[in-house]
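Here are some notes for a colleague who is opening this entry for the first time. They are meant to be read next to the sequence and the coordinates.

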Amino acid sequence: MSDGKLSLPVLGEVDRRTALKAGAATLGVAAWAAAIKPWFEWTANLSVDELLQKHYRELSPEQKQEVFRRLEEDARQEYGAEVDIADPLPLPGVQYAYALNLSICIGCRKCAEACHVENNHDRPTNQSYIRVFEMDKGGIDFAKGTADYDHPVPAPDKYYMPVQCQQCENPPCVHACPVEATWAEPDGIVVVDYNWCIGCRYCEAACPYHARRFNWQKPEIPAAEVNPNQGYLSNRIRPQGVMEKCTFCLHRVREGRLPACLEACPTGARVFGNVLDPKSEIRWVLDHKRVFVLKEELGTRPRFYYFFDK
Amino acid sequence: MNTHSTTSPLHNLTTSPPHHLTSYPRFLQRALGVATDGTWVFYLWMTALTAVALVGANAWAFQVRDGMARTGMTDHVSWGLYIANFTFCVGLAAGGVMMVIPAYLYHDQEMHDVVIVGEILAIAAILMSTLSVVVDLGRPDRFWHLIPGIGRFNWPISMLTWDVIVLNGYLLINLHIVGYLMYMRYLGRKPNPRWYLPFVFLSILWAVSIHTVTAFLYCGLGGRPFWNTALLAPRFLATAFVAGPCFIILALQVIRRTTSFHVGDGPFRTLIQIIRVAMTVNLIMLGSELFTVFYTGGGHVAAAKYLYFGDHGHNGLVPWIWAATALNLLGYAAFLCPTVMRQAWVLDFGCVCCFVGIWIEKGMGLIVPGFIPSTLHEIVEYAPTLTEWKITAGIWAFGLLVFTVGLKVAIAVFTNQMTLAREDRP
């Protein structure tokens, strides 16, 4: 042990070792503060209200309105866009399903593009909830398919398979989520509370259909391109670091409109509707066509069906 | 409770007998003193580790600010180096139990003398695995959503919630055991078995649970055939019981050479035997796994094929997995050599080879191919970015800081340099 003693103005006599340790500790604290400075640049944009916001399903109608107004203000400040955030609720007696006619899909990717625009996706990455695969005829083998084709369509001896969230009745993503940030709504749509998700991406690992997307950075959208008609659980501009997914455009379909991908389809390959309505077109397709679902053996029970027409 | 100290009559506290309210803070204060006091080699080591940890903290702060786009991960490969390292560190923590079992179940006295090393390793490794998950979160500010009671805890459905429980539980159990034993020794009292033995036995079961649950995170996913195998949890345990003892052997050698703490030859022999068996079991299971996927072929072989041989010109993981295979086989050969019991360099060589080999095999060789090809058979490759390497290095540096400090205090306590009896010495 050190015998050296220092005489300091305020502290009085301290041994040299203690003085050195104190000096090192001060330096260490200063170095740590400098190292994590970017963290504070980030938290500067984080309000206490946002940090302490409750789960969507625990918010009262009044609290929801407060949250929506705050998010609208955020959109104004961060994107320069005037947006309207609403929260259309699931309709009683409605169960949605989607069917896609593979015989007439031509692989034009209009659906993917419509999704990109409707859902306020990040522009630089050209994000979309739909990936269209060009498949070899003679099987449904994704190993022989590609989503990166770049030539006029339809190509000979190929068929096209758009894949988006299958809105499973037994959704592996929902089971995986450790914080209940994602769940199936009563009408069958699997949603994410973007303000509750912690961004662990376990759901993305669990999904067998590559349906989930992560916001690897803050989405970039020019103000003029922002779709102002937004749903809290669907197409509002997502925060950085959270998961997102196809919601069958719930902000549209719960108000009686059709999903953007269906409206954009030039061939009429897409059929959407309420399976509980015996007169709906989707019900007719499910009753009369030999439909199948992707990866049926996994027991996920998709609400998204495919069929060949001829 | 009896607070009389029978072995430290010389202490000069003003209040006698000492009460825990005064002696426990004193213990912590002394521990802090011991932890920050040492030779210049010690200071150099701690400064270097702090510097690396700082680099990691800085890289993480940038990642939080700018987004996970700073990593090499994508929507196709959505977990990478962080989760790979997490998996390995959980194994490292579980590996500490390979000292506890001989010490407490088989009453191996020499192992009992050094078992604290395994328990401190468990603490450090659990902290490393927790940090590896925290840095993987897109929204670390929402970490509280995971806390039962104030967040929404999707238990028992989500396997991740099980992992949160078992990892934190294992941390608390080991903190209690290590803290209690050191404090009693500091007081100069004989530890009361009722206060730690039940926890020791619990920790043995719990060690198995942490790595089993971590394997269940992956093998429970039906959409990922590469992970969806019942052999995953047993393989995790087997590799943990290699990697953990390898690290402990290296640590014990350093302790033996640099401190007055007595480390007998017995623990080395026991740990070498454990590694021999565990590595044999691991290699058998690995061979069985590889036979099953490659002979069956079809869709399930795609990830293994990509991992070992590349696929359509994509071969990012091929060098990794063959490096791991070579290291594991070399290390295994070293451990099978009879000279491993006598020659320190053979032992060190074997430990380093197996440790690094398993880090690769269980990390980059297991997590990443789960995503390649993707669930829709797209091949998007992954390589960690500098940000990920910095953060991972920072986590290791932090873990080694915790391990070093823990050992420093434990050795001071167990060599009677830090006791209440010598309270008057600064």
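1. A starting point is B:Ala93, which touches B:Ala122, B:Ala125, B:Ile126, B:Ser129, B:Tyr170 and B:Ile210 when residues up to four places away in sequence are not counted. Please keep in mind throughout that this is a predicted model, and that the values quoted in these notes are computed from it.

2. B:Ala93 also appears in a wider setting, since the largest nonpolar core has 211 residues, and those with the most contacts inside it are B:Ala93, B:Val117, B:Leu121, B:Tyr170, B:Ile210, B:Val242 and B:Cys354. Helix α5 of chain B, residues 109-134, gives the most to this core, with 16 residues. As general background, nonpolar side chains in soluble globular proteins tend to be buried together.

3. The secondary structure of chain B comes to 13 helices and 0 strands, and 49% of the 426 residues in the chain are buried. Chain B has a radius of gyration of 23 Å, which agrees with the value near 22 Å that a compact globule of 426 residues would have. Taken along the principal axes, the C-alpha atoms of chain B fill a box of roughly 75 × 55 × 40 Å. Of the contacts in chain B with a separation of 6 or more, 78% are between residues 24 or more positions apart.

4. Which elements of chain B give two or more residues to the side that touches chain A? They are α2 (40-66) and α6 (159-187) of chain B, and α2(B) gives the most, with 9 residues. By class, this side of chain B has 18 nonpolar, 17 polar and 10 charged residues. Counted on both chains, 45 residues of chain B are in contact with 51 residues of chain A.

5. For chain A, the domain assignment gives domain 1 (5-42) and domain 2 (47-95 + 107-248). The C-alpha centres of these two domains of chain A lie 48 Å apart.

6. Within chain A, strand β5 (residues 131-136) and β6(A) pair in the antiparallel sense over 6 bridges, and A:Met135 stands opposite A:Tyr159 in β6(A). Strand β6 of chain A, residues 158-163, is largely enclosed by the rest of the structure, because 5 of its 6 residues are buried. The loop between β5 and β6 of chain A holds A:Pro154, and a cis peptide bond with omega of about -5° joins A:Val153 to this proline.

7. Chain B has a cis peptide bond to report as well, between B:Ile372 and B:Pro373, with omega of about -5°. B:Pro373 is placed in the loop between α12 (344-362) and α13 (386-414) of chain B.

8. Two residues that are not glycines deserve a look for their backbone angles. A:His210, in the loop between α7 (202-206) and β9 (212-214) of chain A, has a positive phi of about 50°. B:Asn416, in the segment after α13 of chain B, has a positive phi of about 60°.

9. Is each of these two residues buried or partly exposed? A:His210 counts as buried because it has 23 C-beta neighbours inside 10 Å, and the cut-off for a buried residue is 20 or more. B:Asn416 has 14 C-beta neighbours inside 10 Å and therefore counts as partly exposed.

Note on methods:
Residues numbered from 1 in each chain as written. Chains lettered and ligands numbered in written order. Predicted model: local features only at pLDDT ≥ 70, side-chain atom pairs only at ≥ 80, totals over all residues. Contact = placed C-beta atoms within 7 Å. Helix = DSSP H or I, 4+ residues; strand = E, 2+ residues; numbered from the N terminus. Nonpolar A, V, L, I, M, F, W, Y, C, P; charged D, E, K, R; others polar. Domains from an automatic or database assignment. Buried ≥ 20, exposed ≤ 12 C-beta atoms within 10 Å, placed from the backbone. Pairing = 2+ DSSP bridges. Core = buried A, V, L, I, M, F, W, Y, C linked by C-beta atoms within 7 Å. Rg over C-alpha atoms; globule rule 2.2 N^0.38 Å.
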